[in-house]
Amino acid sequence: MRGDVPRGSPERIIIQYSESMMQKGTVAQHHKDDREDQKTSGSSVGHTTHVDDNESRPVTGRRAFLAWLGLGTVGVGGFLSVPLVRFALDPLTRAATETSWTDLGPTSDFMETGIPQKRTINITNIDGWRKVVSEKAVYVVKKADNSLAVLSSSCPHLGCSVKWNDDGKQFKCPCHNGAFAADGKLLSGPPPRNLDELETRVTDGRLQVKYQSFRPLVKSKEVLA
Ligand code: FES
């Protein structure tokens, strides 16, 4: 219809204006329909999407910051707690008995052959966080080759304390009559092995011993602590 009307004529201008108004009305109607559709369906398309983006950005930033803050706190806390945990567990991971050298006196005190000399020493036991000092008896004997040996008085049968019997010239265990020679060799009774010989050294002419406990009821000498 517009093609029949000459360009620039009043009729052509009126037709163009009418078409333009109709087009605007159609676009406005589309927008209105869209808004009504969104209200009905709850959808977040169109303008709503832009609003959500703007609102969600700071929320995401806050969450990330809090997450990093939490991780940092846990990391620093874990790092600082390592020495405390090691301090708390240290007594449980250490040996039950501290083995150190104990002085028994000058070697010249033990030169009498065949007669064991009894000495009492103090041993420190570590039980968890508790330190217990106990007395242990040992016997120093002079061997045939003139060297000195130190024997534990703990019977390798069930751990009773053996005593030197000067009349019988042997060690006797009062529990089940175990008997040992002066050098600790098993003579009779239920003990499964000889008396246990302890580690020794001589420093500045003095005899020193490292006390240890050994597993009872077994033939071999096995260190317990
Ligand atoms: S504990 Fe010594 S003989 Fe049994």
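Asn122 stands opposite Glu135 in E3, a strand that is joined to E2 by 11 bridges in an antiparallel run. Strands pair, in the sense used here, if DSSP finds at least two bridges between them, and the elements themselves are DSSP runs numbered from the N terminus, with helices being H or I runs of at least four residues and strands E runs of at least two. In the hairpin of E2 and E3, where 2 residues lie between the strands, Gly128 takes a positive phi near 65 degrees.

The structure is a predicted model, in which local features need pLDDT of at least 70 and side-chain atom pairs count only at pLDDT 80 or more, while totals for chains, interfaces and linings use all residues. Residues are numbered from 1 along each chain as its sequence is written.

**Overall make-up**

The secondary structure of the protein comes to 2 helices and 10 strands, and from the N terminus on the elements follow the order α-α-β-β-β-β-β-β-β-β-β-β. Buried residues, defined by 20 or more other C-beta atoms within 10 Å of their own (exposed means 12 or fewer, partly exposed in between, with C-beta atoms placed from the backbone), make up 13% of the 225 residues. Two residues are in contact if their C-beta atoms, placed from the backbone, lie within 7 Å; among contacts between residues at least 6 apart in sequence, 47% join residues at least 24 apart.

**The nonpolar core**

A nonpolar core is a set of buried Ala, Val, Leu, Ile, Met, Phe, Trp, Tyr and Cys residues joined through C-beta atoms within 7 Å. The largest one has 18 residues, and those with the most contacts inside it are Val138, Tyr139, Val140, Leu151 and Val162. Two or more residues of this core come from each of strand E3 (130–142), strand E4 (148–152) and strand E10 (206–210), and E3 gives the most, with 4 residues. When residues up to four places away in sequence are not counted, Tyr139 touches Pro116, Gln117, Lys118, Leu151, Ser153 and Trp164.

**The open sheet**

An open sheet is formed by 4 strands in the order E5-E6-E7-E8, with antiparallel pairing. Strand E5 (163–165) and strand E8 (186–188) stand at the edges, each with a single partner strand, so one side of each is left without a neighbour in the sheet. Strand E6 (residues 170–172) and strand E7 (residues 179–180) run antiparallel and are joined by 2 bridges, and the bridge partner of Phe171 in E7 is Phe180.

**Loop and segment residues**

Most residues other than glycine have a negative phi. Two residues with a positive phi that are not glycines are set out below.

| Residue | Phi | Place |
|---|---|---|
| Asn177 | about 65 degrees | loop between E6 and E7 |
| Leu217 | about 65 degrees | segment after E10 |

Asn177 counts as exposed because 12 C-beta neighbours lie inside 10 Å, and Leu217 is exposed, with 12 other C-beta atoms within 10 Å.

Thr107 lies in the loop between strand E1 (101–106) and strand E2 (117–127), and it is partly exposed because it has 16 other C-beta atoms within 10 Å. Leaving aside its neighbours within four places in sequence, Thr107 is in contact with Leu148, Val202, Gly205, Arg206 and Leu207. The C-alpha atoms of Thr107 and Asp204 are separated by 9.7 Å, although these residues are 97 apart along the chain.
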